[in-house]
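Please examine the fold shown below, beginning with its sheet and then turning to the helices that pack around it.

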Amino acid sequence: MLSAKTALVTGSTSGIGLGIAIALAQHGARVMLNGFGDVEGALAQVRRFDPKTLHDGADMSRPEQIEAMIRRCEAELGGCDILVNNAGIQHVAPIPEFPVERWDAILAINLSSAFHAMRAALPGMQRRNWGRIVNVASVHGLVASTNKSAYVAAKHGIVGLTKVAALENATTGITVNAICPGWVLTPLVQKQVDARAAAEHVDNDQAKRELLAEKQPSLQFTTPEQLAALVVFLCSPGADNIRGAAINVDGGWIAQ
Ligand code: NAD
């Protein structure tokens, strides 16, 4: 379905981004990965479907590196038709104790990076009159939780940014949407499970059950595969007129 398309997924060496990159490659897209950590492991997983998958190590807190990555994607893959802005980090603390450096990093990586990537990728999409931008926001783009000031601010920001970009391209073949997962069991959330287990002197499974019970009525984690299936759908012709949406995949979290 996506065999003539090229895709860049930021933060795709782990978790949700890796799941999305695998699914896009499975559906025929040429893929560029980005992110830190186990780059070789991630490349091996995606190369099962796109043997020529590339990786770019751009730091998503650095605008000039983001622009260079988009240019490289265009030069080496032949374009950047699908842009998934997924890279993200978390820090949990009440506002008076929130480190300024963490605030700045979360705003840069979870919000500003999407602006810089879209700014660089949109002209090419506009020339080809086709593009798909999917911003991985969160339920925290729609509702708040305590102790997550920077994350909630960044995710609300990216939902707003998604709407602006969708409207600016509304008469074109470029759609821009946000997806808003609830809890997904990735390294980002495992840290929060570990913190809960330590604070409450419970085991890992009990901490996971409590985390889910607090917010996610299905009591099931959303999976990277479920989110990836949604991204593939958003890249399909059936989604041509879905524009500026923020789609929650959250086991009922924000229905409450
Ligand atoms: P993860 O920690 O498994 O993956 C994060 C990815 O981002 C990794 O590939 C990491 O290398 C990359 N990354 C981090 N900082 C970077 C930087 N400066 N430059 C380039 N890459 C960087 O986390 P995840 O849970 O898969 O999160 C992915 C996205 O999904 C994030 O935007 C997160 O906010 C969002 N999200 C996650 C959940 C959840 O429950 N896990 C829920 C809602 C939204």
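**From the central strands outward**

Strand 4 (residues 82-85) and strand 5 run parallel and are joined by four bridges. Helices (H or I, at least four residues) and strands (E, at least two) are DSSP runs, numbered from the N terminus, and two strands pair if DSSP finds at least two bridges between them. Within this pairing, I82 stands opposite R132 of strand 5, while the bridge partner of L83 is I133. The model is predicted: local features require pLDDT of at least 70 and side-chain atom pairs count only at pLDDT 80 or more, whereas totals for chains, interfaces and linings use all residues. Residues are numbered from 1 along each chain as its sequence is written, and side-chain values use heavy atoms, with hydrogens and water left out.

How is strand 5 placed with respect to the rest of the structure? Six of the six residues of strand 5 (residues 131-136) are buried, so this strand is largely enclosed by the rest of the structure. Buried here means under 20% relative accessible area, exposed over 50%, and partly exposed in between (1.4 Å probe, protein chains only). Both faces are covered, with G131, I133 and N135 buried on one side and R132, V134 and V136 buried on the other.

The wider sheet is open and contains seven strands in the order 3-2-1-4-5-6-7, with parallel pairing. Strand 3 (54-56) and strand 7 (246-249) stand at the edges with a single partner strand each, so one side of each has no neighbour in the sheet. From one strand to the next, the twist averages 20°.

Two helices lie across this sheet. Helix 4 (residues 100-128) lies across strand 4, strand 5 and strand 6 (174-181), and runs at about 175° to strand 4. Helix 5 (residues 149-168) lies across strand 5, strand 6 and strand 7, at about 160° to strand 6. Axes are lines fitted to C-alpha atoms, for helices over the stretch in contact, and angles run from 0 to 180 degrees between N-to-C directions. V159 lies in helix 5 and counts as buried at 6% relative accessibility. Leaving aside residues up to four places away in sequence, V159 touches A137, G141, C180 and A246; contact means heavy atoms within 4.5 Å.

A further buried position belongs to helix 3 (residues 63-77), where E74 is found. E74 has a relative accessible area of 18% and is buried. Its contacts, not counting residues up to four places away in sequence, are G79, C80, A120 and G124.

Helix-helix packing completes the account. The axes of helix 1 (residues 15-26) and helix 2 (residues 39-47) come within 9 Å and cross at roughly 30°. Helix 1 and helix 2 are therefore roughly parallel to each other; angles under 35 degrees count as roughly parallel, over 145 as roughly antiparallel, 65 to 115 as roughly perpendicular and the rest as oblique. L18, A21, I22 and A25 of helix 1 make the contact with A42, Q45 and V46 of helix 2. These residues divide into six nonpolar, one polar and no charged. Ala, Val, Leu, Ile, Met, Phe, Trp, Tyr, Cys and Pro count as nonpolar, Asp, Glu, Lys and Arg as charged, and the others, Gly among them, as polar.

Helix 6 (residues 187-200) and helix 7 (residues 204-215) pack at an angle of about 110°, with their axes 9 Å apart, and are therefore roughly perpendicular to each other. The residues of this contact divide into five nonpolar, two polar and six charged.
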